[in-house]
Amino acid sequence: MRELIVFQILFVLTISATAIPKPEDEPKQRILNKDLSDQEHYINSQHNPSYDHEAFLGEDAKTFDQLSPEESTRRLGIIVDKIDKDKDGFVTKEELKDWILYTQRRYIQDDINRQWTSYNLEEKDNLPWTDYKIKLYGHINENESNDQDKLEEETFPYEAMLKRDRRRWQAADLDNDNALTKEEFAAFLHAEEANHMKDIVVLETMEDIDKDGDGKISIAEYIGN
């Protein structure tokens with residue numbers, strides 16, 4: 001029975017999905033969630049099975065790509081056993097959904113742990129803004145104004161990114177001590193996962209769509225985003 005389930009999942013992830021067309025009028029996603037895959041979900045209006053492959057396997061997708069078909073099938077069988085929570089020999093839609101959400105949360109937690117270790121070299125309880133800023137941006141002045149001449153300088157994009165990070169940092173810093181705990185740092189990195197960061201997510205999304213920077217979203221900007 002498990003071999004049949006494994007075959008069915010492999011079939012869905014690698015073959016049948018290619019025939020699913022993308023609705024042209026599908027609303028575009030505006031939330032800054034970490035996507036389920038680095039692959040494009042649709043290519044030339046056709047469903048991309050590689051997207052499902054990464055969504056299902058998460059960070060293990062790269063490992064599976066290097067395995068023989070026999071070893072891939074064996075390991076997939078182990079995963080199926082984990083997905084099948086009620087152990088009835090079948091994988092339901094809800095069980096598959098829960099698994100994909102689990103792989104996404106696992107990626108987020110792994111990313112938080114990795115970046116916390118990278119920036120917090122002294123293993124302190126709190127990560128000061130200055131430590132983060134210097135490691136990522138060097139000595140760019142976050143208080144320097146951006147006049148028109150700056151648009152031609154190489155540092156301008158970094159200054160804009162720095163100011164955006166600074167604003168996000170302040171929103172994540174709940175106790176206003178200019179340093180983030182690991183929990184606050186998690187909200188800084190993955191604002192879409194924290195309720196108190198929703199306004200920042202909306203603001204950044206608006207800024208990304210507003211290409212001409214006039215503070216408004218035109219129809220052309222909305223459709224073209």
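How far apart are the end C-alpha atoms of residues 160–195, and how much of the chain there is helix and strand? The legends below take up this and other close-ups of a predicted model.

**View 1. Residues 160–195, one of the spans that a UniProt record labels as an EF-hand domain.** Here the end C-alpha atoms are 25 Å apart, and the chain is 58% helix and 6% strand. The label comes from an unreviewed UniProt entry, which also places it on residues 71–106 and 197–225.

**View 2. Residues 71–106, another span with the EF-hand annotation from UniProt.** Helix makes up 75% of this span and strand 0%. From end to end, its C-alpha atoms lie 23 Å apart.

**View 3. Helix α5, seen along its 27 residues.** How does the span of α5 agree with 1.5 Å a residue? The expected span is 39 Å, because it is 1.5 Å times one less than the number of residues, and the end C-alpha atoms of α5 are indeed 39 Å apart. Look also for the buried residues of this helix, among them W99, Y107, I108, I112, W116 and Y119. Polar and charged names appear in that buried set too, including E95, Q104 and D111.

**View 4. E123, in the loop between α5 (93–119) and β3 (127–128).** Most residues other than glycine have a negative phi. E123 is not a glycine, yet its phi is positive, at about 55°. Is E123 buried or exposed? Its relative accessible area is 70%, so E123 counts as exposed, the cut-off being over 50%.

**View 5. N178 and its partner R166, joined by a polar contact.** N178 sits in the loop between α7 (156–172) and β4 (179–180). This residue also has a positive phi, about 65°, although it is not a glycine. N178 is partly exposed because its relative accessibility is 33%. Which residue does the side chain of N178 contact? The side chain of R166 reaches it at 2.7 Å. R166 belongs to helix α7 and, with 16% relative accessibility, is buried.

**View 6. A nonpolar patch on the surface, formed by I219, Y222 and I223.** Together these residues have about 340 Å² of accessible area. I219 lies in helix α10, which covers residues 219–224. With a relative accessibility of 65%, I219 is exposed.

How values were computed:
Residues numbered from 1 in each chain as written. Predicted model: local features only at pLDDT ≥ 70, side-chain atom pairs only at ≥ 80, totals over all residues. Heavy atoms only, no water. Helix = DSSP H or I, 4+ residues; strand = E, 2+ residues; numbered from the N terminus. Buried < 20%, exposed > 50% of the residue type's maximum accessible area, 1.4 Å probe, protein only. UniProt positions renumbered as here; feature names shortened; annotations may be inferred. Patch = residues over 30% accessible without salt bridge, like charges linked within 9 Å, V, L, I, M, F, W, Y side chains within 5 Å. Areas by Shrake-Rupley, 256 points an atom, 1.4 Å probe, with all protein chains shown as cover. Salt bridge = Lys/Arg side-chain N within 4 Å of Asp/Glu carboxyl O. Polar contact = N/O pair within 3.5 Å; in protein donor to acceptor, adjacent residues only side chain to side chain.
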